[in-house]
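Trainee: I have a model open and a few terms to settle. Can we go through them one at a time?

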Amino acid sequence: MKIARIASIALIAGAALALGACATLQRGPVGNAAVPQPTKPVDLNRYAGLWYEIGRYENGFERGCEAVTAQYTVRNDGLVGVLNTCRQGTVDGPEKTSEGKAKIVEGSDNAKLKVSFFGPFYVGDYWVLDHADDYSWSIVGEPSGRYLWLLSRTAQPSPQTRETILNRTRALGYDLTLVRPTQH
């Protein structure tokens with residue numbers, strides 16, 4: 001019994017180290033050394049739905065992705081369903097999807113979530129740093145400053161909306177030279 005428990009603990013620790021190593025290999029440069037805390041509450045029912053990625057900091061799990069979308073759903077169990085989709089290489093390339101779930105970080109007014117694409121492990125941070133009052137755009141980051149996603153409800157936001165998103169992202173302290181535009 002004692003050996004089985006030690007083996008279980010070792011297995012869990014090994015899995016955590018392996019996940020940590022994978023995450024480390026995918027890290028890019030720090031584009032914001034002082035990521036601010038989210039300041040606006042998020043109404044999950046209004047945030048739910050389809051989002052188009054219009055730009056991001058390049059990362060290992062999205063390398064070569066175009067036509068990127070994220071679909072969020074509010075689940076009956078209190079979690080948020082996540083379905084990320086991209087086209088590999090070009091906007092007409094093969095479709096790649098990744099399904100996960102997220103839980104709300106208590107006390108964050110729904111602006112911080114922990115995301116899992118690996119079973120019970122909630123290892124990813126997803127912070128809604130800013131969003132339009134009408135939920136037409138959103139800026140998403142996380143505490144390390146290495147990841148950033150610029151989202152819109154339309155694949156081709158107006159030049160004014162795009163400029164608003166970029167100006168707000170810059171004001172939050174992000175290096176816009178690291179933003180990789182997403183083709184749709």
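Mentor: Yes. The model is predicted. Start with a pair of side chains: those of Ser-138 and Tyr-47 make a polar contact, at 3.0 Å.

Trainee: What makes the Ser-138 and Tyr-47 pair a polar contact?

Mentor: The cut-off is 3.5 Å between N or O atoms. The two side chains are 3.0 Å apart, so the pair counts as a polar contact.

Trainee: Why is Ser-138 called buried?

Mentor: Buried means under 20% relative accessible area. Ser-138 has 0%, therefore it is buried. Ser-138 sits in strand β7, and among the residues it touches are Trp-51, Val-128 and Leu-151.

Trainee: Why is Asp-133 called exposed, but Lys-40 partly exposed?

Mentor: Exposed means over 50%, and partly exposed lies between 20% and that value. Asp-133 has 63%, so it counts as exposed. Lys-40 has 27%, so it counts as partly exposed.

Trainee: How do you know that Asp-133 and Lys-40 form a salt bridge?

Mentor: The limit is 4 Å from a side-chain nitrogen of Lys or Arg to a carboxyl oxygen of Asp or Glu. Here the closest N and O atoms are 3.6 Å apart, so the pair qualifies. Asp-133 and Lys-40 are 93 residues apart in the chain.

Trainee: What makes Arg-56 and Glu-62 a salt bridge?

Mentor: Their N to O distance is 3.8 Å, so this pair also falls within 4 Å. Arg-56 is buried, at 0%, and Glu-62 is buried, at 8%. Both belong to a network of salt bridges that includes Glu-53 and Arg-180.

Definitions and conventions. Residues are numbered from 1 along each chain as its sequence is written. This is a predicted model: local features need pLDDT of at least 70, side-chain atom pairs count only at pLDDT 80 or more; totals for chains, interfaces and linings use all residues. Side-chain values use heavy atoms; hydrogens and water are left out. Helices (H or I, at least four residues) and strands (E, at least two) are DSSP runs, numbered from the N terminus. Buried means under 20% relative accessible area, exposed over 50%, partly exposed in between (1.4 Å probe, protein chains only). A polar contact is a pair of N or O atoms within 3.5 Å; within protein, one must be able to donate a hydrogen and the other to accept it, and residues adjacent in sequence count only if both atoms are side-chain atoms. Contact means heavy atoms within 4.5 Å. Lists of a residue's contacts leave out its neighbours within four places in sequence.
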